[in-house]
Amino acid sequence: FSTKKERGVLEDPLAPPAGPIVVKKYQTNALRLNNNALTEMDGFFEIAAQILCEPNGLSWIDLSFNRLKIIDPVLVQLSELKVLYLHGNEIAKLPEVDKLSPLSKLKSLTLHGNPIETANQDAYKHYVLSALPQLKTFDFSGITKSDRATASRRIFRLTKT
């Protein structure tokens, strides 16, 4: 511990700075929140607004390897979102994917490593592709014409019965 004496004032170098605190905001379209043991996204926009110049401009979010059990509706507010990593979480229900359908610009999504993958092996990929037909990649693999055709047929059968 050291001190500095100026004009008869003893300053503590560990004390917070005097005067207003300037918060630096970042100009970015990507946000990595992976490996943080997050269980929910409450307060996401409030926090994002404090650290980002344009939180609504986010186009890439990595939420992989957390403890998320649902796809939080807050993500749908990110209309510019193109890439969303949700792999390695605890999402277990296939209809959770439907929450992402308003994201028309979403091109890449990961969900592998969630219970949703193993509990619904037969329908997993095709359900996601039918819910989000604009995807170009899913679980780090490109979407083929055959994948799209199978997804269309499976959903057609589901709606016809």
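# Notebook: surface, rings and salt bridges of a predicted chain

**Entry 1. A surface patch.** I looked up the nonpolar surface and found that Y26, I47 and I51 form a patch there, with about 290 Å² of accessible area together. Patches are made of residues with over 30% relative accessible area and no salt bridge, like charges being joined within 9 Å and nonpolar side chains (Val, Leu, Ile, Met, Phe, Trp, Tyr) within 5 Å. Accessible areas come from the Shrake-Rupley method with a 1.4 Å probe, and for residues only the protein chains shown count as cover. I located I47 in helix 1, residues 44–51.

**Entry 2. Basis of the model.** I note that this is a predicted model, in which local features need pLDDT of at least 70 and side-chain atom pairs count only at pLDDT 80 or more, while totals for chains, interfaces and linings use all residues. Residues are numbered from 1 along each chain as its sequence is written, and side-chain values use heavy atoms, with hydrogens and water left out.

**Entry 3. Confidence.** I looked up pLDDT, the predictor's confidence in each residue, from 0 to 100. The chain has a mean pLDDT of 87, and 85% of its residues reach 70 or more. Over residues 1–6 the value is below 50, yet this stretch has 12 contacts in the model beyond near neighbours in sequence. A contact means heavy atoms within 4.5 Å. Residues 156–161 also have pLDDT below 50, and for them I found 0 contacts beyond near neighbours in sequence.

**Entry 4. The chain as a whole.** I recorded 4 helices and 8 strands. Helices (H or I, at least four residues) and strands (E, at least two) are DSSP runs, numbered from the N terminus. Along the sequence the pattern reads β-β-β-α-β-β-β-α-α-β-β-α. The chain has 161 residues, of which 35% count as buried. Buried means under 20% relative accessible area, exposed over 50%, and partly exposed in between (1.4 Å probe, protein chains only). About 10200 Å² of the chain is exposed, and carbon and sulfur atoms supply 55% of that area. Of the contacts between residues at least 6 apart in sequence, 58% join residues at least 24 apart.

**Entry 5. Aromatic pairs.** I found 4 aromatic pairs in the structure. In F44 and F45 the ring centres are 5.5 Å apart and the planes stand at 80°, so I entered this pair as edge-to-face. Rings of Phe, Tyr and Trp (its six-membered ring) pair if their centres lie within 6.5 Å; planes under 30 degrees apart count as stacked, over 60 as edge-to-face and the rest as tilted. Both F44 and F45 are buried.

Y85 and F140 have ring centres 5.2 Å apart and planes at 65°, so this pair is edge-to-face. Y85 lies in strand 5 (residues 83–85), and F140 in the loop between strand 7 (137–138) and strand 8 (141–142), so the pair ties together parts that are 55 residues apart in sequence. Y85 counts as buried at 16% relative accessibility. I also noted that ring pairs link W60, Y85 and F140 into a cluster.

**Entry 6. Salt bridges.** I found 4 salt bridges, each being a side-chain nitrogen of Lys or Arg within 4 Å of a carboxyl oxygen of Asp or Glu. I looked up three pairs.

- K69 pairs with E90, and their closest N and O atoms are 2.8 Å apart. K69 lies in the loop between strand 4 (60–62) and strand 5, and E90 in the loop between strand 5 and strand 6 (108–110), so parts 21 residues apart in sequence are tied together. K69 is exposed at 54% relative accessible area, whereas E90 is partly exposed at 31%.
- K105 pairs with E80, with 2.9 Å between the closest N and O atoms. K105 sits in the loop between strand 5 and strand 6 and E80 in the loop between strand 4 and strand 5, so the pair ties together parts 25 residues apart in sequence. K105 is partly exposed at 33%, and E80 is partly exposed at 29%.
- K125 pairs with D147, the closest N and O atoms being 3.2 Å apart. K125 belongs to helix 3 (residues 124–131) and D147 to helix 4 (residues 145–160), so the pair ties together parts 22 residues apart in sequence. K125 is partly exposed at 29%, but D147 is buried at 12%.

**Entry 7. A buried glutamate.** I found E96 in the loop between strand 5 and strand 6. E96 counts as buried, at 12% relative accessibility. Leaving out residues up to four places away in sequence, E96 touches I70, I71 and I91.
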